[in-house]
Amino acid sequence: MSDVDFEVNKGDLAERVAPFDRIQALKGEINALSRAEGLPGPICRFMFTELFIDQLRERGRQLAEGIEPQKADLAGGPQAETYQPPTEVQPSGQPNRHDP
Amino acid sequence: MTREELDRRAFLSALGRYAGGACVTCGIGGLFPGQVRAQAAPATSREVDFYERLPDGRIQCGVCPHRCTLADGESGFCRARTNVAGRHINRGYNKPCILSVDPIEKLPLNHFRPATKTLTIAVGGCNLRCLYCQNWQHSQTPPDEQETFDLTPADAVASARKKGLDTIAFSYTEPVAFLEYAKDTAAAAHRSGLKVVVATAAHVNPAPLLAFAEHVDAFTITLKGFDEEFYRRMCGISLAPVLTSIETIKHKTKCWLELVNLVVPTYNDDPRRIGEMARWIREHLGADVPLHFARFVPMYRLANLPRTPVPTLEAACDAAREAGLRYVYTSNIAPHEGTNTFCPRCGEVLIERLGFKILDSKLRRGACPKCRQKLPGVWS
């Protein structure tokens, strides 16, 4: 295979040699089950993190006090595509393994 | 030679030659890094189509408005063209540094054969000096000083055919810097029935542009801002030739045209100036020319800036729509509804996109299925 052939076909090659992603394969099934059982979907699960709950609490407090709610500046904060849930630290000092 | 005749370039060139001679005398060597031996034109080069020989022996490049005047051995502003013994040579011929299979939406082109893929080709060099260049490693390096592929125009067409692609694109770096190779490849592609699309900053003279456009089906032109100061400070060129090129493509060729504006926070994100740009587009090109506002990503010499905030991009879109443009998009951001194509009459979502991916298309023969409004573009 020439350099040019490799460059043109590398996307297909990468797909062919990629390891089997069990999570990706099960994702559709998990989401379907979640919907069927009325469980929160992936966006809902993402939103119900302490990051957003804190924002919602603050907004609720402002509303209760009759203050015009301030728009949260999320543009500079964590983004959905890069957000990592906080890792709990065990007493030993070793972080827990996080299973997505 | 009088003081007026000895410009800075000539002075430095002469100084280099004297110093080179001194080095030879000392046994150190005669050439500086990057200096080209006048007698040795590499096999991977091609004579430039547009230049003239000056009475003093130098040559003047005619490809772009820089009109570089070059003595023997000197390279132009684009870093790709060199005076080799009185012949103006492009050193990047047959030497692309990037080959990639991309969705056409990445160019970006949203109204030209959606969901097709392109064989995208780039060669090193550029006749701009954008401080925020997204591909500076390639664009700001001479074409023969980086890793390259050996790819003749015929090979490029054969590779695209073998991969089942029916479009060749020139993007990533500036096609004006490798115009000779791009033109020959585009001509070969057209002879084989392939389409050709080009992403460029359009800092090019009208004659070379029109000669190239004969073999091109669609252009995406980056209109980087709408004031001279921004173009001078951030890109090292002037705005006027870019506007001339855009009008040339729109009115003197049959090529499809879309425009891109990369919104750099604090530099070109003033909605009033964006509105001014959009009004110019509407008045000189028409309201149907799609305009993309691309999100800036910190890069090169502007790595200290943040990404363009989403509200800034939305404000830019609003300003362009208020000025009367019908097809305004956001780019480099997903998910965002600004990447979708809406019917300008009934507001129906006609093409739903996620980044460069088309999720759903309701267009029927280039028209809205609900109100039959025809959309401008090339849809098949």
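This section describes the packing of helix H5 of chain B, a sheet in chain B, and the contact between chains A and B in a predicted model.

Helix H5 of chain B spans residues 206–213, and its buried residues are Leu209(B), Phe212(B) and Ala213(B). These three residues lie on the same side of H5(B), because they cover an arc of only 95° around the axis. Among the elements that cover the buried residues of H5(B) are two helices of chain B, H4 (179–191) and H7 (239–252).

The axes of H4(B) and H5(B) come within 9 Å and cross at roughly 25°. The two helices are therefore roughly parallel, the limit for this class being an angle under 35 degrees. On the H4(B) side, the residues that meet H5(B) are Leu179(B), Ala182(B) and Lys183(B); on the H5(B) side, Pro208(B), Ala211(B) and Phe212(B) meet H4(B). By class, five residues of this contact are nonpolar, one is charged and none is polar. Phe212(B) is thus listed both among the buried residues of H5(B) and among those that meet H4(B).

Chain B also contains an open sheet of three strands, in the order S15-S16-S17, with antiparallel pairing. Strands S15 (341–342) and S17 (357–361) of chain B are the edge strands, each pairing on one side only. Strand S16(B), residues 349–354, pairs with S17(B) in the antiparallel sense over four bridges. Within this part of the sheet, Arg353(B) stands opposite Ile358(B) of S17(B).

The contact between the chains takes six residues from chain A and ten residues from chain B. The side of chain A that touches chain B has three nonpolar, two charged and one polar residues.

Definitions and conventions:
Residues numbered from 1 in each chain as written. Chains lettered and ligands numbered in written order. Predicted model: local features only at pLDDT ≥ 70, side-chain atom pairs only at ≥ 80, totals over all residues. Buried ≥ 20, exposed ≤ 12 C-beta atoms within 10 Å, placed from the backbone. Arc of directions from axis to C-beta. Contact = placed C-beta atoms within 7 Å. Axes fitted to C-alpha atoms, helices over the stretch in contact; angles between N-to-C directions. Parallel < 35°, antiparallel > 145°, perpendicular 65-115°, else oblique. Nonpolar A, V, L, I, M, F, W, Y, C, P; charged D, E, K, R; others polar. Pairing = 2+ DSSP bridges.
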